[in-house]
Amino acid sequence: MRGLQLPLSQTQRIRLQRALEKLQSLSCKANSDASVTVADTIPVNYEDAFLKGHGTTDLNGDLVATVCGVVERINKLVYVRALRARYKPEVGDIVVGRVVEVSQKRWRLEINFSLDAILMLSSMNMPDGIQRRRTALDELNMRGIFEENDVVCAEVRNFQHDGSLQLQARSQKYGKLEKGQLLIVDPYLVKKSKQHFHHLEQFGIDLILGRNGFIWVGEHVEARDSMVVDQANSSEQSMVPEEKSQTHTPLEMRQNICRISNAVRVLSALGFSIDSDLILETVELSSTVKIDIHDMLGSEFHVLVAEREAERRSLMGKRKR
Amino acid sequence: MEYVSPEGLRLDGRRPMEMRQLRAEIGTVAKANGSAVFEMGNTKVIAAVYGPREVQNRSQQINDQALVRCEYSMANFSTGDRMRKPKGDRRSTEISLVIRQTMEACILTHLMPRSQIDIFVQVLQADGGTRSACINAATLALADAGIPMRDIVTSCSAGYLNSTPLLDLNYIEDSAGGPDVTVGILPKLDKVTLLQMDAKLPVDIFENVMGLAIEGCKAIANYIREVLLENTKQLEYRRGL
């Protein structure tokens with residue numbers, strides 16, 4: 001069992017246990033026997049045709065799981081959704097990554113996949129939104145755009161025939177991320193949704209939930225209008241790395257960033273799925289109980305968040321009925 | 001020396017066919033992709049799995065399957081006398097190789113081409129049967145890392161002392177110099193992936209001893225599956241809808 005690596009007092013332990021039991025009782029009704037481990041036989045109806053999907057294999061005519069996870073059935077397809085695993089990219093996913101290498105016409109990004117992802121220079125647009133022309137000078141200035149260890153946000157473009165992964169960053173919302181924190185959580189905690197970019201206005205913060213489990217919490221930057229095509233001086237501008245005003249980040253902003261990051265850390269330590277609403281609720285909880293930012297990672301706050309989540313889910317369940 | 005008393009009890013009070021107490025914990029190394037601690041009595045082993053990730057040394061990259069690497073080490077404080085062991089001595093290289101080969105046999109490496117999987121196992125307390133404990137811990141860690149496997153591998157040792165087959169030898173029995181059979185099996189496929197013995201045994205007795213070790217492996221497999229299922233369920237209900 002995955003335990004919290006925190007010192008808990010006797011009462012805290014009991015409270016946490018009670019909250020987790022409540023969570024268990026809430027979810028148990030839906031699918032109690034859908035969980036499988038490695039080499040478990042998945043019950044299927046052999047009369048009907050079925051397709052075996054990811055995480056399954058055929059053994060003497062039986063369908064057998066190859067990973068630990070939850071069995072999902074969609075029409076004829078039977079597959080096992082692995083829980084803790086590295087990221088499996090899908091085309092169109094928004095990911096956050098870290099540049100590990102700058103090479104010929106491309107950057108290599110670590111995105112928690114089994115291979116490094118490739119971001120081609122040609123799949124980046126100019127700062128003002130026009131297509132890049134392939135010039136030698138452009139290639140020489142690549143380090144002006146992203147360097148090693150920069151944090152970059154991009155979109156999954158496609159898989160090459162050899163299995164490697166290509167990214168693209170064609171719009172203004174993608175690109176280098178600065179003035180913030182990168183948090184790494186398990187990818188199964190981040191669900192696919194319509195919106196992965198969140199602007200938390202009350203804090204003035206941008207929150208990017210990368211599908212690969214890399215979460216960016218940083219100061220809000222005003223997205224420049226991508227549709228403005230300024231033909232006149234684009235050629236010179238594109239060569240020069242953008243002049244970011246290197247003003248210093250105010251203390252309040254840094255505190256907000258830390259508070260939100262700590263909320264994400266607590267949620268991921270407890271293994272709750274992470275979305276912007278839940279993060280905001282956790283942040284609110286932390287300010288209503290007037291807990292210091294550094295105390296958010298202590299045991300008391302973990303227990304509080306667990307209790308709050310149990311309450312929230314039970315309310316949600318009632319509303320549905 | 002007498003290893004089995006006339007009443008049929010061993011030095012640590014077990015029956016000849018009795019295993020030591022098992023304990024397993026998943027998710028003990030926060031930064032690893034998968035990790036586990038496995039205990040068999042006083043033997044305690046920690047395993048961490050990283051990957052599948054980009055191959056560090058390009059020349060080792062394999063184009064149609066994953067590269068599996070394994071490193072076995074023993075903590076200085078793991079044995080009775082605190083010894084500073086050089087890293088990469090013959091014994092640990094041999095065990096690393098054994099664990100690597102055993103795990104490679106069960107991982108579906110062809111699903112993760114051109115990547116690398118690192119398994120690190122370290123013995124925290126040594127009391128005999130570290131090889132088996134390492135394999136069991138590595139299986140748990142691999143399953144935790146969500147790496148597709150044909151089946152779980154479990155391993156257990158058995159020996160033959162005072163003309164009695166003994167299951168799961170501890171350090172004193174292990175160092176008695178009698179035959180020591182370490183078996184690793186794939187319980188679902190019913191296949192043997194590891195078989196080591198460093199002494200001679202007549203064939204009929206060997207069969208008995210090996211049968212005993214296989215029984216032990218199956219008992220461990222049941223326990224490991226229970227732990228894994230419990231862990232999976234917990235992850236799922238915590239995540240919520």
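Two strands are taken to pair if DSSP finds at least two bridges between them. That criterion underlies the description of the hairpin in chain A of this predicted model. In that hairpin, β5(A) and β6(A) are separated by 2 residues, and A:Asn75 in the turn has a positive phi of about 50°. The strands β5(A) and β6, the latter covering residues 77-82 of chain A, run antiparallel and are joined by 6 bridges. Within this pairing, A:Gly69 stands opposite A:Ala82 in β6(A).

A:Gly69 also belongs to a second pairing, in which A:Val36 stands opposite A:Gly69 in β5(A). Here strand β1 of chain A, residues 35-36, is joined by 2 bridges to β5 of chain A, residues 69-74, and the two run antiparallel.

Further along chain A lies a pair of helices. Helix α5 (residues 251-270) of chain A packs against helix α6 (residues 276-288) of chain A at an angle of about 110°, and their axes are 9 Å apart. Because of that angle, α5(A) is described as roughly perpendicular to α6(A). Their crossing is right-handed. On the side of α5(A), the contact involves A:Arg259, A:Ile260, A:Ala263, A:Val264, A:Val266 and A:Leu267, which meet A:Leu278, A:Ile279, A:Thr282, A:Val283 and A:Ser286 in α6(A). By character, the residues of this contact comprise 8 nonpolar, 2 polar and 1 charged.

The confidence of the prediction in chain A should be considered alongside these features. The average pLDDT of chain A is 84, and 88% of the residues score at least 70. Over residues 225-243 of chain A, however, the pLDDT is below 50, although this stretch has 21 contacts in the model beyond near neighbours in sequence.

Attention now turns to chain B and its two sheets. In one of them, 5 strands of chain B form an open sheet in the order β1-β2-β3-β5-β4, with mixed pairing. Its edge strands are β1 and β4 (67-74) of chain B, each of which pairs on one side only. From one strand to the next, the twist averages 15°. At the β1 edge, β1(B) is joined by 5 bridges to strand β2 (residues 34-40) of chain B, and the two run antiparallel. In this pairing B:Ile26 stands opposite B:Ala36 in β2(B). Helix α1(B) lies across β4 and β5 (115-125) of chain B, and α1(B) runs at about 140° to β4(B).

The other sheet of chain B is an open one of 4 strands in the order β7-β6-β8-β9, with antiparallel pairing. Its edges are formed by β7 (164-167) and β9 (191-197) of chain B, each pairing on one side only. The twist in this sheet averages 25° from one strand to the next. Strand β8 (residues 180-186) of chain B runs antiparallel to β9(B) and is joined to that strand by 6 bridges. B:Gly184 stands opposite B:Leu194 in β9(B). Two helices lie against this sheet. Helix α2(B) lies across β6 (154-161) and β8 of chain B, running at about 165° to β6(B). Helix α4(B) touches β6, β7 and β8 of chain B, and the direction of α4(B) makes about 145° with that of β6(B).

The helices α1(B) and α2(B), each described above against a sheet, also pack on one another. Helix α1 (residues 90-106) and helix α2 (residues 130-144) of chain B meet at an angle of about 45°, with their axes 10 Å apart. On account of this angle, α1(B) is oblique to α2(B). The crossing of α1(B) past α2(B) is right-handed. In α1(B), the residues B:Ile95, B:Val98, B:Ile99, B:Thr102 and B:Met103 meet B:Arg131, B:Cys134, B:Ile135, B:Ala138 and B:Leu142 in α2(B). This contact is made up of 8 nonpolar residues, 1 polar and 1 charged.

Finally, the two chains may be considered together. Their contact takes 37 residues from chain B and 32 residues from chain A. On the side of chain B, the elements that give two or more residues are β1 (22-26), β3 (43-54), α2 and α4 (203-239). The largest share of that side, 13 residues, comes from α4(B). The residues of chain B that touch chain A divide into 14 nonpolar, 9 polar and 14 charged.

Note on methods. Residues are numbered from 1 along each chain as its sequence is written. Chains are lettered from A and ligands numbered from 1 in the order in which they are written. This is a predicted model: local features need pLDDT of at least 70, side-chain atom pairs count only at pLDDT 80 or more; totals for chains, interfaces and linings use all residues. Axes are lines fitted to C-alpha atoms, for helices over the stretch in contact, and angles run from 0 to 180 degrees between N-to-C directions. Angles under 35 degrees count as roughly parallel, over 145 as roughly antiparallel, 65 to 115 as roughly perpendicular and the rest as oblique. A crossing is left-handed if the near helix is turned anticlockwise from the far one by less than a right angle, and right-handed if clockwise. Two residues are in contact if their C-beta atoms, placed from the backbone, lie within 7 Å. Ala, Val, Leu, Ile, Met, Phe, Trp, Tyr, Cys and Pro count as nonpolar, Asp, Glu, Lys and Arg as charged, and the others, Gly among them, as polar. pLDDT is the predictor's confidence in each residue, from 0 to 100.
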